[in-house]
Amino acid sequence: MERQLIISVGREFGSGGHVIAEELARRFELPLYDSNLLENVALEKNVAHEGLQKYDEKPKVKLFYRTVRGHSNSPHEHVANMQFDFLKREADAGKSFVIVGRCAETVLKGNAGLISIFVLGDKMAKRARIMEKYGITEDEARRMMEKEDLKRKSYHNSHCKGKWGDSRNYDLSINSSRLGIDKTIDMVEYYIRTRIEHEA
Amino acid sequence: MMAQILAGVIFVIMFVLIVSEKIERHIVSLMCGGLMIVLVFGICMHSPDAIMETLSLKSFMTTNFWYQVNESAESSTGINWATIIFIAGMMLMVEGMGRAGFFRWLCLGIAKAVRYQTIPIFITFMVMSSVLAMFIDSITVILFLAAVTVELSRLLKFDPVPMIIAEIFCANLGGSATMCGDPPNIIIGTSLGYSFGDFITNTGVIAGVSLIIVIVYFYFCFRNDLRKKTQDGGELYYPNPKDAIESKKDFVISCLIFACAIIMLVTHAQTGLTVATIGLFIGVVTLLTAGSAAMTIIKKVDYKTILFFIGLFVVVGGLEETRILELIAGAISKASGDNTMLMIAIVLWVSAVASAFVDNIPFAATMIPVIRTLAQAQGLDLSVLAWTLAMGTDIGGSATPIGASANVVGISVAARDGHMIGWGKYCKYAAPATILVVLISMVSIYVRYF
């Protein structure tokens, strides 16, 4: 029986984490879950995907939400939990996949097939990548980076005990600015293949 | 002065911690209650009497606690044990009813009676939400009603969100009609000595008139959304209400206990039985008839809410003993001058706005000594201020998604099925309805009591 392989990729904004996850999915011939995860959830619940999307990977503002007897009125929390449940079900069913963000390294912790990776980058390199990708100025790129990273950090830390980007929570933390995106992908692929051989 | 500052600081810390949800609210209220006893009553006031009065343990020994021999209203301070016992008893009864399948049976039975047509379900569920919430806590009402609404929406292909928003609003409105409908009313009734009959003939009348207007309002808001129905031509399987009943024996027993509770509550002014006695009786009978399931029922009781109430009463008792609340009453009195109508408007709207954002239970508990002082100072009938406070706190909570516990639970039930209700969507319909009902309450109070 083939080994179950779940690759979770946490990432800083502009680090190329998503591109790395896409390429890993291609090389290992695995389905990729990112924002499309919500489409699967929406399909399962038979509701419009757009209704859920606006709450995806966003932290809740505590002042506006309450919890009563385990019930929360925060749509952000419900959308996150639906995705976590979906991931757990897929993992429990023995499926292999690549998942970007969504606290997967914590949600799927304990699953034998999980390999968790966090991709970070140097500020300068990330900024240059964002400027090129979105065609914006340096200042706009800096603000965009700060805003998105704060959002990801708050989202992650509100759902997990471990801190976002803390290397102790991941099997491998890698700075994509050191080797560049392509070489980073090669290196991560090598790490994953070595792990698979080692654990076989 | 030191005691007043400390009591005020403890109260503010309690409120902030409850809102922040960093620590569970029952732990917060108990810790703050403990601080109030040690720091304010003990160290600052050196007053064992204040501690005893706030703990109110002697109240158990009085006949009036269990059996009201005279009809005169009696005010109490500190821990309101009558409220605690009543709520615990009702929780046991409701748990028993839920286990027996009563609520699901009722919801499905009504849907079947109106032949599973969306608009009639919408209207009857609003009425049912109000009527059930008159006797049962609105969280339980909404928990079952919203779950059945979601189930029916999948079957009949309609958007459950409008119906759930309307049900939440009507549950809060129904709760305002009776003494046992909403926790603020139980606290107001037991603290100031009003009966079930007093509430139903005062707040009940306002709630009844408001319900009719609110049903019309929500009908016009949502009639188009609810009529959008896609016909896929397939044969629909309608759930059978009888399937909801887990055990016929338990179902019959729970119906009898519920009927008994209603009769005892409606007639308690005549029989002399207090809400503490009724709560104790209902709770004990539920456990005795539950047999081997008694332990399961006890474990399901929301003891955290009960502990929260105990701590809360101690903290408010501290504010009362240190006379801080008299300062607040003085400020309201000053703001309204000698104009009692203006005072009513201030109490009503301040209660409504505050309850829209903060838990209405601590707010009502805090305001009771305030209205008591206001009534004495202004020579105004205390009952008028009590009905004003009850309507303000009960209805104000409907305006926002966090204003009342039923709102949070209803929104959560919808969200678990993928139907998200954000602040915008909720407030768009509930906030105008809240303003409408608060206006109706204000006009009703002016017309009837002035």
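Biologist: Is Arg142(A) buried, partly exposed or exposed?

Modeller: In this predicted model, Arg142(A) is partly exposed, with a relative accessible area of 29%.

Biologist: With which residues does Arg142(A) form salt bridges?

Modeller: Side chains of opposite charge can pair when their charged atoms come close. Here Arg142(A) forms a salt bridge with Asp139(A), the closest N and O atoms being 2.8 Å apart. Arg142(A) also meets Glu146(A) in a salt bridge, at 3.4 Å from N to O.

Biologist: Where do these partners lie along the chain?

Modeller: Asp139(A) and Arg142(A) both belong to helix α7 (residues 138–159) of chain A and are three residues apart, about one turn of the helix. Glu146(A) and Arg142(A) are four residues apart in helix α7 of chain A, so about one helical turn separates them. Both partners are partly exposed: Asp139(A) has a relative accessible area of 36%, and Glu146(A) one of 45%.

Biologist: Which parts of chain B does the pair of Glu320(B) and Arg372(B) tie together?

Modeller: The closest N and O atoms of this salt bridge are 3.0 Å apart. Glu320(B) lies in helix α16 (residues 303–321) and Arg372(B) in helix α19 (residues 360–378), so the pair ties together parts that are 52 residues apart in sequence. Arg372(B) is buried, with a relative accessible area of 14%.

Biologist: How many salt bridges are found across the interface of chain B and chain A?

Modeller: The rule finds two. One of them joins Arg69(A) to Asp137(B), with the closest N and O atoms 3.5 Å apart. Between them, the two chains bury about 2,100 Å², 57% of it on carbon and sulfur atoms.

Technical notes: Residues numbered from 1 in each chain as written. Chains lettered and ligands numbered in written order. Predicted model: local features only at pLDDT ≥ 70, side-chain atom pairs only at ≥ 80, totals over all residues. Heavy atoms only, no water. Buried area = accessible area lost by both parts, 1.4 Å probe. Salt bridge = Lys/Arg side-chain N within 4 Å of Asp/Glu carboxyl O. Helix = DSSP H or I, 4+ residues; strand = E, 2+ residues; numbered from the N terminus. Buried < 20%, exposed > 50% of the residue type's maximum accessible area, 1.4 Å probe, protein only.
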